[in-house]
Amino acid sequence: MMPPPSEGREETLDPQDWQAMRALGHQMVDDMLSFLEGVRERPVWQPLPQDVKQFFQQPVPTAPMAAEQVYQEFLEQILPYPMGNIHPRFWAWVIGTGTPLGMLAEMLAAGMNPNVGGGDHAAFYVEAQVIEWCKAMLGYPAEASGLLVSGGSMANLVGLTVARNSKADIDIREHGLGSLQRRMTVYGSREMHSSIQKAVELLGLGSASLRRLPVNDRFQIDLRALEQAIAEDRAAGYQPFCVVGNAGTVNTGAIDDLMALAAICRREDVWFHVDGAFGALAALSPTFRPALAGLQEADSLAFDLHKWMYVPYEAGCVLVRHPQDHRRAFSLTPDYLVHAARGVAGGEQWFSDYGIQLSRGFRALKVWMSFKAHGVDAYARLIQQNVDQAHYLASLILETAALQLLAPVSLNIVCFRFAPDDLPEDLLNDLNAELLVQLQEQGIAVPSRTTIDGKSAIRVAITNHRSQRQDFDLLVREVLRIGSMLRQALEQGSGIL
Ligand SMILES: Cc1ncc(COP(=O)(O)O)c(C=O)c1O
């Protein structure tokens, strides 16, 4: 048995040598700033060698190791193998880049380490201010409530939860779905993000309650089909309760006609949720504000700060038009969480009453510091810059005979493929899939893959404040180089695909 610790010498996790910890901290800051400063010189991504993967099979460490040595392991086994999204030529999925200031803010937030679920302390006011700023930036009603969450998926889940609970004929929280008389149905275009389906499933509605409607040639929801689907469902005895509008679809960046959707929702008395994970932020740029008109009409609005606001992971936001609906969906105050009039349990509002999490981190600080230090106008310019880069890339594709643009460029997403005229269609999907992997494995660039009308596409989504035009020139050159090499290999029957 361990002897009881003698009085005054109880154990702690604080360093015994603060000076050494300080030196280590300075070293870490220096190393990470150099790492970010030199990011362009390194490959975008490189596969982890087998021995590095093996390194992570070690058993639970029961005995201590010097912090300096643990840091050395980080430098050798972890830091050289990033996802790559901090690199100027990372354009996969929709993934943000982060910033040096955001990184430092994360350290400050972890140092203070508050729980922003509730209580009367500065972190609450920082988050409340960030939410006010978000509403103002997007022109969303000032009286709305909001919450910072882990990302777009959680923001969609929170929005749809409030929608379901507000529109249900019964008190869902008390009685549950089993007491519903009518199946509750949700509508959106077939281009909706998968997180909407996850939310519908998690809410117990079943994915069969999600209607995926066709799109027009600009990948926007077909409004006639929507109205018809709502009418048919009503006639069948269902309860249409929510329409999801896309402000920037994940595949092509398409923006639905949000104004028209808002009008349909009001007429039909259904909740209007907008998934604006990245596209909502385009409203910061005067050029795009008109295309996003109607965003402000949403009953709930989901968007990310870790995508097109370049804040380090994780940071998303949900805004809800009517705070009472929002609070009613989540508020629960057992004795041990009673809000007080005074003391640390005070505060007019607890964020735990507006979402799923009770304990919540101080993710607001990196947003607050970034907005202040860079100024929101800088984000508007960077968003515009990314959109201009997408159009620049599209123009390069259009003027290159061997490349084919697969969808119109609405925002920051470009889908294309290597498709010389004389290559048969049935070879193109495999060839382009291989081409994409080679771009990644050679560390040149990281686009991702999608399928547009059955065609395998190289998809470039630009939410990257480090990208420059020269990066897109290089991408096109390398796609042509690898594409021609693969084509040659095919002609020689090398079996590379
Ligand atoms: C349109 C859209 N909605 C929702 C999400 C999910 O957001 P997150 O990855 O932050 O959970 C994404 C992610 O790319 C997206 O593009």
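**Exercise 1. Find which strands helix α5 lies across, and at what angle the helix runs to β1.**

Start at residues 122–138, which form helix α5. Helices here are DSSP runs of H or I with at least four residues, strands are runs of E with at least two, and both are numbered from the N terminus. This is a predicted model, in which local features need pLDDT of at least 70, side-chain atom pairs count only at pLDDT 80 or more, and totals for chains, interfaces and linings use all residues. Residues are numbered from 1 along each chain as its sequence is written.

Next, look for contacts, meaning residue pairs whose C-beta atoms, placed from the backbone, lie within 7 Å. You should arrive at β1 and β7 (316–320), with α5 lying across both. Finally, take the angle: α5 runs at about 110° to β1. Axes are lines fitted to C-alpha atoms, for helices over the stretch in contact, and angles run from 0 to 180 degrees between N-to-C directions.

**Exercise 2. Work out the strand order of the open sheet of seven strands.**

Two strands pair if DSSP finds at least two bridges between them. Following the pairs gives β1-β7-β6-β5-β4-β2-β3, and the pairing is mixed. At the edges sit β1 (145–149) and β3 (210–213), each pairing on one side only. From one strand to the next, the twist averages 20°.

Now zoom in on one pair. Strands β4 (residues 239–246) and β5 (residues 271–275) run parallel and are joined by five bridges. Gly245 has Val274 of β5 as its bridge partner.

**Exercise 3. Do likewise for the open sheet of four strands, and say which helix packs on it.**

The order is β8-β9-β11-β10, with antiparallel pairing. Its edge strands, β8 (403–405) and β10 (448–452), each pair on one side only. Neighbouring strands are turned by 40° against each other on average, direction ignored. Helix α13 (residues 376–398) packs on this sheet, where it touches β8, β9 and β11, and its direction makes about 20° with that of β9.

For a closer look, β9 (residues 413–418) and β11 (residues 455–461) pair over four antiparallel bridges. There, Val414 stands opposite Val460 in β11.

**Exercise 4. Name the domains of the protein chain and give the distance between the centres of domain 1 and domain 2.**

First, read off the bounds, which come from an automatic or database domain assignment: domain 1 covers 18–82, domain 2 covers 105–374 and domain 3 covers 377–491. Then compare C-alpha centres: those of domain 1 and domain 2 lie 36 Å apart.

Conventions
Contact = placed C-beta atoms within 7 Å.
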